[in-house]
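Visitor: I am new to this structure and would like a close look at a single part. Could you take me through the sheet and the helix lying on it?

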Amino acid sequence: MIKLHRVTKYYENKIPAINDINLNISKGDFVFITGPSGAGKSTLIKLIFSSEKPNSGEIVVNGKNITRMLPKEIPYFRRSVGVVFQDFRLIQNRSVYDNVAFPLDIIGTRIKLVKKKVWQVLKWVGLLQKKDSLPLQLSGGEQQRVAIARAIINNPILLLADEPSGNLDPKLSFEIMKLFKAINARGTTVVIATHDKNTALNFSENIITLERGKLEG
Ligand SMILES: Nc1ncnc2c1ncn2[C@@H]1O[C@H](COP(=O)(O)OP(=O)(O)OP(=O)(O)O)[C@@H](O)[C@H]1O
Ligand SMILES: [Mg+2]
């Protein structure tokens, strides 16, 4: 599903954020990327989502070499990849419904089908009763679930999440992890970056540890 071959990424400061990494993640895996602050977790997620390009090496996602992808190919690639950001990135002046419908709207899905899918996924994350609320009228955990609903509405084959429980209390964080597990059980490969090793250990045996841009172990 995801293959990294000798991938290096550095920003302006020339100290590699990701340093010559090889990595293999199989279809259906439920993987955590852990490591201390600054280890390169977010960078790795961004590389897999193609929002950053590596300076060297090759990244293949779902059989596609995304290192050689043209800019115009990126939106198509992302249709099969859902992403959840730590800060949710919801559209503040749009309702929960509109936020979740957004990925379907931009690909021109018929209104009737949009409605069906949005209702389904909002029901699934337990937020149908909040469909007309604005993001700021929701709790942190509810906003996080909206972000997850939006990320999975297209039935992505891969779901990436960067510190999805970073802003949540332990109980909510547990609920969110269970949601990711359920998404994984439906066949989606799930990759979660978190500094919280305990959560990772509780939910998966498949843990990748980064330390200063290198893989540990
Ligand atoms: N846009 C950027 N410009 C310059 N340097 C960056 C940029 N993004 C990240 N870095 C640097 O790359 C390194 C890895 O950052 P990254 O955000 O990937 O770490 P992280 O493991 O996600 O950390 P955290 O747990 O704090 O989120 C850090 O040294 C950081 O300062
Ligand atoms: Mg980070």
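Guide: Happy to; here is a walk through the sheet and one helix beside it. First, this is a predicted model, in which local features need pLDDT of at least 70, side-chain atom pairs count only at pLDDT 80 or more, and totals for chains, interfaces and linings use all residues. Residues are numbered from 1 along each chain as its sequence is written, while chains are lettered from A and ligands numbered from 1 in the order in which they are written.

Now to the sheet. It is open and mixed in its pairing, with 6 strands in the order S6-S7-S8-S3-S9-S10. Strands here are DSSP runs (E, at least two residues) and helices are DSSP runs too (H or I, at least four residues), numbered from the N terminus; two strands pair if DSSP finds at least two bridges between them. At the edges stand S6 (81-84) and S10 (214-215), each with a single partner strand, so one side of each has no neighbour in the sheet.

Let us move to S3 (residues 30-34). This strand runs parallel to S9 (residues 207-211), and 3 bridges join the two. Within this pair, Phe32 stands opposite Ile207 in S9.

Finally, the helix. H6 (residues 170-185) lies across S3, S7 (158-162) and S8 (189-193), where contact is counted if C-beta atoms, placed from the backbone, lie within 7 Å. H6 runs at about 155 degrees to S8. Such angles run from 0 to 180 degrees between N-to-C directions, with axes being lines fitted to C-alpha atoms, for helices over the stretch in contact.

Methods
Contact = placed C-beta atoms within 7 Å.
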